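The exercises below are meant to be worked with the sequence and the model side by side. Try each task before reading the solution that follows it.

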Amino acid sequence: MGLLVDGKWQDKWYDTKSSGGSFQRTKTAFRRWVTPNGEPGPDGQDAVPAEAGRYHLYVSLACPWAHRTLILRKLKKLEDVVSLSVVDWFMGSEGWTFSDRQGCIPDGVNGAERLYEVYLKADPNFTGRVTVPVLWDKKDGTIVNNESAEILRIFNSSFDAFGDASVDFCPADLRSAIDATNEEVYEAVNNGVYKCGFATTQEAYEKPFHVLFDTLDRLEDRLSRQRYLAGDRITEADWRLFTTLIRFDPVYVGHFKCNKRRIADYPNLQGYMLELYQWPGVRETVDFHHIKHHYYESHDMINPTRIVPLGPELDLDRPHGRERLAAA
Ligand SMILES: N[C@@H](CCC(=O)N[C@@H](CS)C(=O)NCC(=O)O)C(=O)O
């Protein structure tokens, strides 16, 4: 675990001293866009054109942020359009590295052994954390974007000439509902579990813990009345919540001390998570070996023995029962 400072790798854990024990996520550095013809992005961002074979996605199967992009790549049928590397699940003193262990795909584009080498190719003086996901441009030899929320939007709408244009996870009429849900879920849930887990004072742990479970309680209520977060259609907001829910009982309950309730204790969140897991193509993107081993073995300040718990038993293929709520 470390970061680059002026292009030099430093093996350092997150600094929580300067923030009273709280984990603060750093801002993402590469924010270019991909658009169908290279016209500027939705907020006027500098953009490059969509092309088959031009872009490469670096992910970790353990990481919930990277996982969302992998799901969109799969569901938008972009597997032959955007190539893929999967880092090793262990994140140690050199950060993310490549290997040929089960489920990993080495870097066939830049031939890197460590992910930070890819960041240095994009910017030899880079300062910041070396995170997944990364969308790489083979033609310009640089990183286009390393913000999962933006990569999702890019995959959803920019490659329709090559992928499946018939599915849209961010339709215009639901856009404001999706954005509002994302905002609530991001801070309280997606990032909330990390704020609990990486806190280094009791107070810094307790605050996000309460926000997390209050939000899950509200989402449980919403999902008792509607099939998906934005109504009767599945959207990007659902995939963004899913990658946290699927890690919750096996990892966040124990490792990050998010243990007021399990997802298994919420009937609607549980059924909803099962439906999403069983969605065609999705279970293939879920790798519990990478997920459990990454967290329990990489964060040795939280789990110094690196023992990986064997449970819980998960039966993710049982009927989800969500048909009782209407779907469009
Ligand atoms: N804002 C980024 C965050 C991604 C992120 O934090 N990824 C984690 C893995 S779960 C990572 O690579 N961490 C390495 C580090 O912080 O050094 C996104 O959503 O794309």
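**Exercise 1. Locate D6 among the strands, and describe its backbone.**

Begin with its place: D6 lies in the loop between β1 and β2, where strands (E, at least two residues) and helices (H or I, at least four residues) are DSSP runs numbered from the N terminus. Next, look at the torsion angle: phi of D6 is near 50°, a positive value in a residue other than glycine. As background, most residues other than glycine have a negative phi, and most peptide bonds are trans.

Two notes apply to every exercise. This is a predicted model, in which local features need pLDDT of at least 70 and side-chain atom pairs count only at pLDDT 80 or more, while totals for chains, interfaces and linings use all residues. Residues are numbered from 1 along each chain as its sequence is written.

**Exercise 2. Work out the sheet to which β1 belongs, and name its edges.**

Start with the strand order, which is β2-β1-β7 in an open sheet of three strands with antiparallel pairing; two strands pair if DSSP finds at least two bridges between them. The edges are β2 (8-10) and β7 (128-129), and because each has a single partner strand, one side of each is left without a neighbour in the sheet. Then take one pair in detail: β1 (residues 3-5) and β7 are joined antiparallel over two bridges, and L3 stands opposite R129 in β7.

**Exercise 3. Follow the chain beyond β7 and find the cis peptide bonds.**

The loop between β7 and β8 holds P133, and the bond that joins V132 to P133 is cis, with omega about 0°. A further cis bond runs from G311 to P312, with omega near -5°; P312 has its place in the segment after α9 (288-298).

**Exercise 4. Reconstruct the four-stranded sheet, pair by pair.**

First write down the order, β6-β5-β8-β9, for an open sheet with mixed pairing. The edge strands are β6 and β9 (142-145), each of which pairs on one side only.

Now go through the pairs:

- β5 (residues 55-59) and β6 (residues 83-86) run parallel and are joined by four bridges, with H56 opposite S83 in β6.
- β5 and β8 (residues 134-137) pair antiparallel, again over four bridges, and here H56 stands opposite W136 in β8.
- β8 and β9 run antiparallel with three bridges, and the bridge partner of D137 in β9 is T142.

Then consider the connections. Helix α1 (residues 64-75) makes a right-handed β-α-β unit together with β5 and β6; right-handed means that, with the strands pointing away from the viewer, the path from the first strand over the helix to the second runs clockwise. Between β8 and β9 there is a hairpin with four residues between the strands, and G141 in its turn has a positive phi of about 60°.

**Exercise 5. Describe how the two domains meet, and which elements of domain 1 take part.**

Take the bounds first: domain 1 covers 3-157 and domain 2 covers 172-324, as given by an automatic or database domain assignment. Their C-alpha centres lie 22 Å apart. Across the boundary, 27 residues of domain 1 are in contact with 29 residues of domain 2, contact being C-beta atoms, placed from the backbone, within 7 Å. On the domain 1 side, the elements that give two or more residues are α1 and α3 (148-157), and α1 supplies the largest share, eight residues. By class, this side has 14 nonpolar, ten polar and three charged residues, where Ala, Val, Leu, Ile, Met, Phe, Trp, Tyr, Cys and Pro count as nonpolar, Asp, Glu, Lys and Arg as charged, and the others, Gly among them, as polar.

**Exercise 6. Characterise the surroundings of the ligand.**

The shell has 13 residues, of which the closest are C63, W65, R129, T131 and S148; a residue is near the ligand if its C-beta atom, placed from the backbone, lies within 6 Å of it. Finally, sort the shell by class, which gives six nonpolar, five polar and two charged residues.
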